Amino acid sequence: MIKEVEYRARRERVSCALKKNSLAIIFSARIQIRSNDTEFPYRQDSNFYYLTGFKEDNAVLILRRGRKTTESYLFVQKKVKELELWTGKRLGTKAAKKSFNHDDIFISDIFEEKFLSFVKEHQNIYYDFSFEDKRVDFIREKTKHFRVHFNIATLIGRERLIKSPAEIKLITKALSITKEAHHYAIDHAFELSNERELQAGIEYIFKTHGAYSDAYTSIVACANSANTLHYINNDKKLVDGELILIDAGCEYEYYASDITRTIPVNGKFTQAQKELYSMVLDVEKKIISMVRPDILRSSLQEKSEELLCKGLVGLGILQGDVKKLLKMKKHKKYYPHGIGHWMGIDVHDTCPYKDEKGKEIPLMPGMVMTIEPGIYIDKDDKSVARKYRGIGIRIEDDILVTYEGYENLSKNITKEISEIEGRDS
Ligand SMILES: [Mn+2]
């Protein structure tokens, strides 16, 4: 659990990053309609949650920075008995004041009025430019002629780069649940008939182990489906003798996990599958071992491309000189994506990869990044030996950068061939 003092400290850091004489407005997420009058399950906006820990909709946070002081105001929904009967209890201002430490807490109904009185005293306005909302239109409209506008998402993204011990604990907890789900898949895939059934099994474990939901739509891709990178249909048969690429991770208390494993449906790899899998696994481990403070993500990317290209030549999938092949980007056909991304409250955490000057941000202790090399060979790719066609493999772990180097937070999730094949099921 993250304590209110930590949320308070985050607000303080973001406030201090504002220019002097500024007002920042951060909105809660809106309810999203699924169809007609049914809604998607509500999830708080990640930036709003990062600064408040407040999970209800129709809320606003205002941060003020004057010349010397900073202030923080939270707006929450009014308690209305008749509405609470339908959509659940609301905290209300009175109870919110007990759990949340702001300079004041008001009902959302008076947000516009308060905003207009605050705004008179401030020259600069910060809000999330990507938000499309009536409330944002209101702010734009009321300030367009006489205020300088900045994107608050940029500042919060910078703060979110470095994870606190409490955040790392939640990610670790998410991963402990995700581990159970992937081990379930290894143990039970052989007795299930289609991808969706396996997806349901994985997500059943997420929920029965205390996770609110998945952190992103699970990819459960058997055989050639794995060669569609964002395959989420998950509606094909599980075929004996084929592999299943499973990219699935739960979200626990707003923190993501992001794990990919590629496993045989029947528990045993074929020789060709083994060759490709070992090659990818080898590269994954080598790249993980390079993680340390000050290294650049682009260096990890470059090295992963070089190693995978070498591996492809070793297996005869590419022919020729590795350096030349790399230069001609021949490997991109089989490894078209990035080596990894920031992870935190969002699975693809909305933190910057470059600083204000456009320079790449090196890894620093407290950052969490995925490492996920993969090789994808389409079933119709006649340039490749038949035995490798229709195989897609990705192996992904979640890595914490430490002062000494790194900690693989998902090291307990099985990925060695002998361990996958040796599990008792
Ligand atoms: Mn990922």
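User: What share of the contacts in the protein comes from residues 24 or more positions apart?

Analyst: Such pairs account for 70% of the contacts with a separation of 6 or more. One thing up front: this is a predicted model. A pair counts as a contact if the C-beta atoms, placed from the backbone, lie within 7 Å.

User: How do you know that the radius of gyration agrees with a compact globule?

Analyst: Put the two values side by side. A compact globule of 425 residues would come out near 22 Å, and the protein has 24 Å, which agrees. The C-alpha trace spans about 70 × 50 × 40 Å along the principal axes, and 39% of the residues count as buried. Buried here takes 20 or more other C-beta atoms within 10 Å of a residue's own.

User: What makes up the domain assignment of the protein?

Analyst: It gives domain 1, residues 4-160, and domain 2, residues 165-422. Their C-alpha centres are 36 Å apart. Nine residues from domain 1 and ten residues from domain 2 take part in the contact. On the domain 1 side, helix H2 (46-52) and helix H7 (152-160) each supply at least two residues, with H7 giving the largest share, four residues.

User: Which residues touch the most other members of the largest nonpolar core?

Analyst: Ile 25, Ala 174, Ile 244, Ile 375 and Ile 393, out of 106 residues in that core. Helix H8 (residues 165-188) gives the most to the core, eight residues.

User: Why does this core lie between domain 1 and domain 2?

Analyst: Both domain 1 (4-160) and domain 2 (165-422) give residues to it, so it lies between them. As for the broader pattern, nonpolar side chains in soluble globular proteins tend to be buried together. Zooming in on Ile 25, and leaving out residues up to four places away in sequence, this residue touches Val 60, Ile 62, Tyr 127 and Ile 139.

User: Why is one side of S6 and S8 left without a neighbour in the sheet?

Analyst: The strand order is S6-S5-S4-S1-S7-S8, an open sheet of six strands with mixed pairing. S6 (104-107) and S8 (148-151) stand at the edges with a single partner strand each, so one side of each has no neighbour in the sheet. Neighbouring strands are turned by 20 degrees against each other on average, direction ignored.

User: How do you know that S1 and S4 pair in the antiparallel sense?

Analyst: Pairing needs at least two bridges in DSSP. S1 (residues 22-27) and S4 (residues 60-65) have six bridges, in the antiparallel sense, so they pass that cut-off. One of the bridge partners is Leu 63 in S4, matched with Ala 24. Helix H5 (residues 111-119) packs on this sheet, touching S1, S4, S5 and S6, and makes about 10 degrees with the direction of S4.

User: And where does helix H4 lie?

Analyst: H4 (residues 92-99) lies across S5 (70-76) and S6, running at about 160 degrees to S6.

User: What makes S10 and S14 edge strands?

Analyst: The order S10-S11-S14 is an open antiparallel sheet of three strands. S10 (219-222) and S14 (260-264) each have a single partner strand, so each has one side without a neighbour in the sheet. The twist averages 15 degrees from one strand to the next. S10 and S11 (residues 243-247) pair over four bridges, antiparallel, and Ile 219 stands opposite Asp 247 in S11.

Notes. Residues numbered from 1 in each chain as written. Predicted model: local features only at pLDDT ≥ 70, side-chain atom pairs only at ≥ 80, totals over all residues. Axes fitted to C-alpha atoms, helices over the stretch in contact; angles between N-to-C directions. Contact = placed C-beta atoms within 7 Å. Core = buried A, V, L, I, M, F, W, Y, C linked by C-beta atoms within 7 Å. Buried ≥ 20, exposed ≤ 12 C-beta atoms within 10 Å, placed from the backbone. Domains from an automatic or database assignment. Rg over C-alpha atoms; globule rule 2.2 N^0.38 Å.
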